Amino acid sequence: PDLFGVFFDYDDFNQKLYNELYVCGAAGILEADPDATIGGPAFAIAESAGSTNFLKVVKKTESPLDFFSFHSYMDGTTWPAELDYTNKLLDDDYFLTTAIHINEFSWLHADNGGNDGKNSAFNKYHAASRTLDAVMAVVERTDVQWVHWAQAMESTVGSDPYGLIYKNGSVKAAYNAIKMYNDMPVWRYSADQGE
């Protein structure tokens, strides 16, 4: 919703239309299914939640927030800062059971090949090891319940390198890295517990 020009324009967003949409939408969902899991705001910029009073409105209206979701790219400035910021925002008894979902995650970003199209580092074999490093960085964060990779397939618009699968259906090295991790039995994964 904070991707202006796609969902809202800046003035609409600034007038808190998203917060109103969330409150009304959550009420409607619960009316249809009282056991539904409801979350948001799915902001591209987690810090927006602080400036838009999203959490204050959720609490004031006693709306549900089963999970707080946002996007995060490991660009050297926002990871894990956005996650730490989110934890501070949720430091309230009302949000005691609110889980954290990163609904768009990747190590790829504008400064390391995200705008390079076909020449992006994400299209090279070494993207596999970088992808596993990114997975391990977020797995170590026990405050995160769910993580969804940024993009499964490349966009059909332009030469977007973010997808794990090329437009023609071929998989990238990063796809295979995630598949290997997903296929690994939990009991065979050894983590260093420290001293």
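Reader: How many aromatic pairs does a search of the whole structure find?

Author: The search finds twelve aromatic pairs. Keep in mind that this is a predicted model.

Reader: How do I read one such pair, say tyrosine 18 with phenylalanine 43?

Author: Look at the ring centres and at the angle of the planes. Planes under 30 degrees apart count as stacked, over 60 as edge-to-face, and the rest as tilted. Here the centres are 5.5 Å apart and the planes stand at 50 degrees, so this pair is tilted.

Reader: Which parts of the chain does that pair tie together?

Author: Tyrosine 18 lies in helix 2, and phenylalanine 43 lies in strand 1, residues 39-43. The pair therefore ties together parts that are 25 residues apart in sequence.

Reader: Are these two residues buried or exposed?

Author: Buried means under 20% relative accessible area. Tyrosine 18 has 10% relative accessibility, so it counts as buried. Phenylalanine 43 is buried too, with a relative accessible area of 1%.

Reader: What is the geometry of the pair formed by phenylalanine 54 and phenylalanine 68?

Author: That pair is edge-to-face. The distance is 6.4 Å centre to centre, with 65 degrees between the planes. Phenylalanine 54 sits in helix 4 and phenylalanine 68 in strand 2, 14 residues apart, and the pair links these distant parts of the chain. Phenylalanine 54 and phenylalanine 68 are both buried.

Reader: Which residues do ring pairs link into a cluster?

Author: The cluster holds Tyr18, Tyr22, Phe43, Phe54, Phe68 and Phe70.

Reader: What about the largest nonpolar core: how many residues has it?

Author: Start with the general idea. In soluble globular proteins, nonpolar side chains tend to be buried together. In this model the largest nonpolar core has 38 residues. Those with the most contacts inside it are Tyr22, Phe54, Leu65, Phe68, Trp107 and Trp149. Several elements supply at least two residues each, among them helix 2 (17-32), strand 3 (99-106) and helix 7. Helix 6 gives the most, with four residues.

Reader: What is tryptophan 149 in contact with, leaving aside its neighbours within four places in sequence?

Author: Its contacts include Phe105, Trp107, Phe122, Val135, Tyr162 and Ile178.

Reader: How much space lies in the largest pocket?

Author: About 360 Å³. Of the 14 residues that line this pocket, the closest to its centre are Val135, Val138, Val139, Val147 and Tyr181. Helix 6 (127-139), strand 4 (146-149) and helix 7 (173-183) each give two or more residues to the lining. Strand 4 gives the most, with four residues. By type, the lining divides into nine nonpolar residues, four polar and one charged.

Reader: Where should I look for unusual backbone geometry?

Author: Know the rule before the exceptions. Most residues other than glycine have a negative phi, and most peptide bonds are trans. Here a cis peptide bond joins glycine 40 and proline 41, with omega about 5 degrees. Proline 41 is found in strand 1. Another cis bond joins tryptophan 79 and proline 80, with omega about 0 degrees. Proline 80 lies in the loop between strand 2 and helix 5 (81-89).

Reader: Which residue in strand 1 should I check for phi?

Author: Alanine 42, which is in strand 1. Its phi is near 60 degrees, a positive value. At 24% relative accessibility, alanine 42 counts as partly exposed. Glutamate 62 also has a positive phi, near 55 degrees. Glutamate 62 is placed in the loop between helix 4 and strand 2. Its relative accessible area is 65%, so glutamate 62 is exposed.

Terms used: Residues numbered from 1 in each chain as written. Predicted model: local features only at pLDDT ≥ 70, side-chain atom pairs only at ≥ 80, totals over all residues. Heavy atoms only, no water. 1 Å grid on protein atoms, 1.4 Å probe; cavity = no way out; pocket = protein on both sides within 12 Å on 5 of 7 lines; lining within 4 Å. Points joined across faces, edges and corners; volume = space filled by probe spheres on them. Nonpolar A, V, L, I, M, F, W, Y, C, P; charged D, E, K, R; others polar. Core = buried A, V, L, I, M, F, W, Y, C linked by side-chain atoms within 4.5 Å. Buried < 20%, exposed > 50% of the residue type's maximum accessible area, 1.4 Å probe, protein only. Contact = heavy atoms within 4.5 Å. Phe/Tyr/Trp six-rings, centres within 6.5 Å; stacked < 30°, edge-to-face > 60°.
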